[in-house]
Amino acid sequence: MNMRETGSTVDLSAFWMPFTNNRQFKEAPRLLISAKGMYYRTDDDREILDGTAGLWCVNAGHCRTEIVEAVKAQVEQMEFAPTFQMGHPKAFEAATRIAAHTPGDLKKIFFANSGSEAVDSALKIALAYHRARGEGQRTRLIGRERGYHGVGFGGISVGGLGPNRKAYSGQLLPSVDHLPQTYNLKEQAFSKGQPTWGAHLADQLERLVTLHDASTIAAVIVEPLAGSAGVLVPPQGYLQRLREICDKHGILLIFDEVITGWGRLGAPFASQYFGVTPDLLTMAKGTNNATVPMGAVAVRNDVHDTIVNGAAAGIEFFHGYTYSGHPLAAAAAVATIDVYEKDNLFERAAKISPYFEQAIHRLHDAPNVLDIRNLGLVGGLELKPREGKPGARGYEVFLKCFEKGVLVRCTGDILAFSPPLIVNEQQIDHLFGTVAEALKETA
Ligand code: PMP
């Protein structure tokens, strides 16, 4: 189907697009109409190599037959069933299958519909846990500069991205503080994998503990690898140190694995990759290959038990969504996890990561490259901003790549790459070869 050539038009005016320059987009729209495997197809019938797995989410590749069939079968059998005081088997099955991959004792799964909802749910679980153990004064939450935890009020409060917070600055959650971000161009430029510099930044948590007193702090939330801020890889030893300090002071550690979950680093979760187990772990995106909106929190068994057993008779946790454990999302999750397991996709990602690393670092001498960073199947390319026009160069390179048939993601002047885990060597070469051309042509 070629909508533009066949004269069929789409009215673009009503949809207020999220995180988009709407005026710019609507002057020159980019419309995707179908997808298979590593590729999208546009309305003008061009093939686009997906260098971003949609939005870091289609880890098993697009329109995988088994997942499509599972959703079809579910929608025909039962499109919806409540999970408040009721249940349906797929939600339980999905939770069990997810829990088979989550680290440590994080085997209780609370369902939401997005990463943002998973984050807000996790923050509430942390607060409810301390209250249930008689430490209700632990209300302070600690996030990190440049952290992204979605767009709920909880998420933007613990998040550390200025533009996402600015318009709501007087309305953010009270009692939130932030750790410093971990990126330092001078110390970490062009580091492959985890930078050696920066573990000491975790000690800033001790400073916050001294400032606020441990007895007021409920939880620390970080992305093990910060994605949306532009691929900030944790320094060696940093996450281990955070874990130690949290343990010492009875503070819960939350890993936001919305991006790093489901094989992105070559292990089920970043937690296993780094060998650091949090107390709560948020996920979304890859949980069901982004087929139907789904988010979830994996919760340490005893955190769950404390809340559930600590409550008097009746409902234990006053929180949930109409669509928590939605049958279509759950069916997609079960089928997706089948694919991950059957095709050993996490091992596959681990195996091809060194090739990905080499390929992205070949851009070292391309025009306007300030830094390159990578881990697993995630890469970030930081560009020198155009004078007086921050973000302009990143956007130009993104547009040029799209024109050339490759989808990359830009946040400001940082390009991010996170292909589906099924990517092969030729496609990696095609991806970064195209980026190299785009950098030259926009220089
Ligand atoms: N947390 C992290 C770490 C994310 O990367 C994202 C989305 N990129 C979110 C939360 C929010 O997820 P959603 O857009 O599904 O609400």
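Tyr-40 has Ile-48, a residue of strand β3, as its bridge partner, and this pairing offers a convenient place to enter the structure, which is a predicted model. Strand β2, covering residues 39-42, and strand β3, covering residues 47-50, pair in the antiparallel sense over 3 bridges. The two strands form a hairpin with 4 residues between them, and within that turn Asp-45 has a positive phi of about 65°. Strand β3 also pairs with strand β13 (residues 406-407), to which it is joined by 2 bridges and with which it runs parallel; here the bridge partner of Asp-50 is Leu-407 in β13.

The two pairings of strand β3 are set out below.

| Partner of β3 | Sense | Bridges | Bridge partners |
|---|---|---|---|
| β2 (residues 39-42) | antiparallel | 3 bridges | Tyr-40 and Ile-48 |
| β13 (residues 406-407) | parallel | 2 bridges | Asp-50 and Leu-407 |

As to confidence, the protein averages a pLDDT of 97, and 98% of the residues score at least 70. For the complex, the predictor gives an ipTM of 1.00 together with a pTM of 0.97. Where pLDDT is low, the predicted coordinates should not be read in detail.

The domain assignment divides the protein into domain 1, made of the segments 22-60 and 344-442, and domain 2, which spans 67-342. The C-alpha centres of domain 1 and domain 2 lie 26 Å apart, and the contact takes 31 residues from domain 1 and 28 residues from domain 2. On the side of domain 1 that touches domain 2, the elements that give two or more residues are α2 (53-56), α14 (345-361), β11 (369-375), β12 (378-383) and β15 (414-417). Of these, α14 gives the most, with 7 residues. In character, the residues on this side of domain 1 divide into 16 nonpolar, 11 polar and 4 charged.

Turning to the ligand, which residues are the closest among those that surround it? They are Ser-114, Gly-115, Ser-116, Gly-150 and Val-258, within a shell of 14 residues. Helix α5, which runs over residues 115-132, gives the most to this shell, with 3 residues. By residue type, the shell around the ligand divides into 5 nonpolar, 7 polar and 2 charged residues.

Conventions. Residues numbered from 1 in each chain as written. Predicted model: local features only at pLDDT ≥ 70, side-chain atom pairs only at ≥ 80, totals over all residues. pLDDT = per-residue confidence, 0-100. Near = placed C-beta within 6 Å. Nonpolar A, V, L, I, M, F, W, Y, C, P; charged D, E, K, R; others polar. Domains from an automatic or database assignment. Contact = placed C-beta atoms within 7 Å. Pairing = 2+ DSSP bridges.
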